[in-house]
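Reader: I have a protein here that I would like to talk through before going back to the bench. Could we go over its structure together?

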Amino acid sequence: MGLPIEIFESINVFETILNQHEEVNMENLKELEKIDLALNSVEEINKLLNQIGPLPIMRTEYHKGKIIDRAVRIKDDEADFNTRCRLSHAPSEFNTNFLRASTPENTMFYGSVLKDNYTINEHGYTRITACCETSDLLRDNTIAKGERLMIIGTWEVQDLITLATIFDPTKEYTIDYLQEIKNSYLSFLKQNPKLETKAIEYLKFLAKEFSKDVKNGQNHEYHISALFSALISNTGVDGVLYPSVRAAGIGLCVAIHPRVLNKIKLVGVRKCLLKKENGQVKITYLKACDVEDDSKPFKLLEIETYKKLKDISSR
């Protein structure tokens, strides 16, 4: 079976591939929209996704230096994390549910993306986005107050990573990158009017599946986005990029296949306390450390000790 979905970067590639394939299968979209996800629909969804046809999707490339933050919940009585694997993706034996971009058979590394040329404050926003994806305290508006301990790992891309970019072509975005890539996508389609409507409808549908606010115990609602991610990350790209649902669309999230995690390096770790009161969230850093060699154990330092060391090293 050939690649069911095409990833495009340039107009030339876009046009060349379109001329080599049949049209996008719109009947599959109708069938996907009708599926009752509460039933055991995995096999049917997989079949339909594999028969989509040449669906154009924009590819995002991350090169050396790109920063990704990943947050992990830590229990109040749990010892500080001190290894890369403890901050990485869920091991297969613990990966038992469907999530937004992963299946029980296809675990993924989830994180939030820091924009290029970022400021210190903007890095703080990215860490909060990462926490929103992990902590019910931040994402659940019915929880008025509370506290959570989190560990946030900062990862740096070391070699090229490619991601299928999921967005709604009919939506206006406040995130500059999404707005730019959406406009590029629409410009591509204008040169291929016979594909334009079909491509927009398919990507709009996928964006809706990736933007679901799924409640605990309703993991079947992730079936389409998770199976699509498994398919595409094994047939042409390293994962997917999509707007953060938990952070109300103000951040970008990635789901990266474990086979390419040798292309990212853990470079820093923060232990923090999230405190929510009257709907306002405050993040307080308790401990931190830089990681020189993520193949070896690291040790978190009290935040004041860490700051003093950083101040001395910068002189």
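**Burial, cores and the largest pocket**

Author: Of the 315 residues in the protein, 50% are buried. Please keep in mind that this is a predicted model.

Reader: Understood. How many helices and strands does the protein have?

Author: There are 10 helices and 11 strands. Among contacts with a separation of 6 or more, 71% are between residues 24 or more positions apart.

Reader: Which residues touch the most other members of the largest nonpolar core?

Author: They are L87, I256 and V269, in a core of 75 residues. Helix α8, residues 193–210, gives the most to this core, with nine residues.

Reader: What does I256 touch, leaving out residues up to four places away in sequence?

Author: I256 touches I68, M108, F109, I161, L163, D238, G239 and L261. Apart from the largest core lies another one, of 11 residues, which includes C132, L137, L138 and M150.

Reader: Let us stay with L138. Where is it found?

Author: L138 is in helix α6. It counts as buried because its relative accessible area is 10%, and the cut-off for buried is under 20%.

Reader: And what is L138 in contact with, beyond its neighbours within four places in sequence?

Author: L138 is in contact with I128, C131, C132, L274, K276 and V281. The C-alpha atoms of L138 and K275 are 9.0 Å apart, although these two residues are 137 residues apart in sequence.

Reader: On to the largest pocket. What volume does it have?

Author: Its volume is about 1,500 Å³. The lining has 43 residues, and the closest to the pocket centre are L99, E133, T134, S135 and R139.

Reader: Which elements give two or more residues to that lining?

Author: They are β3 (67–73), α4 (84–87), β4 (109–113), α5 (120–134) and α6 (136–139). The most comes from β3, with five residues.

Reader: What is the make-up of the lining by class?

Author: The lining of the largest pocket has 14 nonpolar, 16 polar and 13 charged residues.

Reader: A change of topic: which residues of helix α2 are buried?

Author: In α2, residues 26–34, the buried ones are N28, L29 and L32. They cover an arc of only 100 degrees around the axis, so they lie on the same side of α2.

Reader: Is there a general reason why residues a few places apart can point the same way?

Author: An α-helix has 3.6 residues a turn, so residues three or four places apart point the same way.

Reader: What covers the buried residues of α2?

Author: The cover includes α3 (42–49), α8 and α9 (223–232).

Reader: How many residues of α9 are buried?

Author: In α9, 10 of its 10 residues are buried. Among them are H223, A226 and L227.

Reader: Which residues does F98 touch, not counting residues up to four places away in sequence?

Author: F98 touches V42, T103, P104, N219, Y222, H223, A226 and L227. The C-alpha atoms of F98 and L227 are separated by 8.8 Å, while the two residues are 129 residues apart along the chain.

Reader: Where is F98 placed, and is F98 buried or exposed?

Author: F98 is in the loop between α4 and β4. F98 is buried, because its relative accessible area is 14%, and buried means under 20%.

Terms used: Residues are numbered from 1 along each chain as its sequence is written. This is a predicted model: local features need pLDDT of at least 70, side-chain atom pairs count only at pLDDT 80 or more; totals for chains, interfaces and linings use all residues. Side-chain values use heavy atoms; hydrogens and water are left out. On a 1 Å grid over the protein atoms alone, a cavity is a set of points where a 1.4 Å probe fits but cannot get out, and a pocket is an open set with protein on both sides within 12 Å along at least five of seven lines; lining residues have an atom within 4 Å of a point. Grid points are joined across faces, edges and corners, and a volume is the space filled by probe spheres set on the points. Helices (H or I, at least four residues) and strands (E, at least two) are DSSP runs, numbered from the N terminus. Ala, Val, Leu, Ile, Met, Phe, Trp, Tyr, Cys and Pro count as nonpolar, Asp, Glu, Lys and Arg as charged, and the others, Gly among them, as polar. A nonpolar core is a set of buried Ala, Val, Leu, Ile, Met, Phe, Trp, Tyr and Cys residues joined through side-chain atoms within 4.5 Å. Buried means under 20% relative accessible area, exposed over 50%, partly exposed in between (1.4 Å probe, protein chains only). Contact means heavy atoms within 4.5 Å. The arc is that of the directions from the helix axis to the C-beta atoms.
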